[in-house]
Amino acid sequence: MSRAFLVVMDSVGIGGAPDAGAFFNDGVPDTRANTVAHIAEACARGAAETGRSGPLRLPVLDRLGLGAALRLASGAAAPGLGAVPEGRWGAATERSRGKDTPSGHWELAGLPVPWDWHYFPVAEPAFPEAVRARVCEIAGTGGILGDCHGSGTVMLERFGAEHLRTGWPICYTSADSVFQIAAHEEAFGLERLQALCAGIAPMLHEMRVGRVIARPFVGEAGAFRRTGNRRDYAIRPPEPVLTNWVQDTGRAVIGVGKIGDIFSMEGIDRVVKGTDAELMGHLSGLVDEAPDGALVFANFVEFDSLWGHRRDVAGYARALEWFDTRIGEILPRLRKGDLLCLTADHGNDPTWRGTDHTRERVPVLVAGAGAGEIGQVAYADVAASVAAHLGVPAQGPGRSFL
């Protein structure tokens, strides 16, 4: 019985989104953002030398069709990405009105987001009084810190010491539809932070805020650092998605990374978590161990969280080259009848203005289904194609490209 491995390279966009002009970073439209092309160009001119050197080297992804998909999506010809594709390749365009994690993943799983997300204003305070009051009630504190837009590392620098002194949680948001709460794992308590996030989530979900995220950290003033115990509390998809379709036929569905959080465990039997290096080990093991008929749905988030938002071009290039090497080790071990589909949920061009995601098309690179161009497809077509490979009835607007 066939198996499918759907792997999301979080934020590895390839430009060309037709509506990019309606999405912004620091007031500048995303029109010419292109994550992969701009990283390759920076590497080629020697502007991404930290921890690596020279042109961007992605031989495995390029042979699967990354360079060809990039040219199809945006017309860009990236240095070093000119291989003749040996897999099935194309570019996917998002329909949902968001360039965030839930929008991209839900649509890749067959469900375009059926509503507009709620975004908090770029103001201080950013949150309604009722939200602040509810956080304080659950946490048992006299107030909150932050109450603004900002990046996590900056929030710790600004408010970490005061958090230790007062015990008040640090609450902040971003250009995404998200409410984030940072707290010290030891002084505030990890379980208490998670209970706070779980308690406030229903109120925020009712407002159509996509995710509440627990952001635990440790350390002292001047040396705070996040831990790996992040947890997302996301809105449950309102209709069945790919994971449900597969699970409902009695097949195993295994999430790798934050997939369980993104889908609120809908249709998912078990999840393995960890750093991207640990997740690659899990994925490698599942190639050997996943049962016949299984869907393995993986997200590798560190392209986005560690390098894209921080606008670290060299770090992003290192991560891509590491991923290329490790996927190259996995591909020869796929069984006959297996399908591996590599794609992304949005862009996050590290050469771009601001710190937000960028609206881009994404690659669709398929091993195990022959070779050839699949063309311009929709995000939802990925779900329909995986379902077709597994012989599972699909729902929603997607059409199989297999």
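**Exercise 1. Place the two domains of this predicted model and describe their contact.**

Solution. Start with the separation: the C-alpha centres of domain 1 and domain 2 lie 29 Å apart. Next, count the touching residues. Domain 1 supplies 9 residues to the contact and domain 2 supplies 7. Then fix the bounds. The domain assignment gives 4-114 + 238-390 for domain 1, and 129-233 for domain 2.

**Exercise 2. Quantify the area buried between the domains and find the residues in domain 1 that lose the most.**

Solution. Take the total: about 720 Å² is buried between domain 1 and domain 2. Carbon and sulfur atoms give 47% of that area. Now turn to the side of domain 1. Pro 102, Asp 261 and Asp 356 lose the most area to domain 2. Together they make up 44% of what that side buries.

**Exercise 3. Characterise the chemistry of the interface.**

Solution. Check salt bridges: the count between domain 1 and domain 2 is 0. Check polar contacts: 1 residue pair qualifies across the interface, both residues at pLDDT 80 or more. Sort the side of domain 1 that touches domain 2 by class: 6 charged, 2 polar and 1 nonpolar.

**Exercise 4. Classify two aromatic pairs by geometry.**

Solution. The model's count is 11 aromatic pairs. Take Phe 217 and Phe 224: the centres are 5.2 Å apart, with 80° between the planes. The cut-off for edge-to-face is over 60 degrees, so this pair is edge-to-face. Both Phe 217 and Phe 224 are buried. Repeat for Phe 300 and Phe 323: their ring centres lie 5.4 Å apart and their planes are at 75°, so this pair is edge-to-face.

Key
Residues are numbered from 1 along each chain as its sequence is written. This is a predicted model: local features need pLDDT of at least 70, side-chain atom pairs count only at pLDDT 80 or more; totals for chains, interfaces and linings use all residues. Side-chain values use heavy atoms; hydrogens and water are left out. Domain bounds come from an automatic or database domain assignment. Contact means heavy atoms within 4.5 Å. Buried area is the accessible area (1.4 Å probe) that two parts lose on being put together, summed over both. A salt bridge is a side-chain nitrogen of Lys or Arg within 4 Å of a carboxyl oxygen of Asp or Glu. A polar contact is a pair of N or O atoms within 3.5 Å; within protein, one must be able to donate a hydrogen and the other to accept it, and residues adjacent in sequence count only if both atoms are side-chain atoms. Ala, Val, Leu, Ile, Met, Phe, Trp, Tyr, Cys and Pro count as nonpolar, Asp, Glu, Lys and Arg as charged, and the others, Gly among them, as polar. Rings of Phe, Tyr and Trp (its six-membered ring) pair if their centres lie within 6.5 Å; planes under 30 degrees apart count as stacked, over 60 as edge-to-face and the rest as tilted. Buried means under 20% relative accessible area, exposed over 50%, partly exposed in between (1.4 Å probe, protein chains only).
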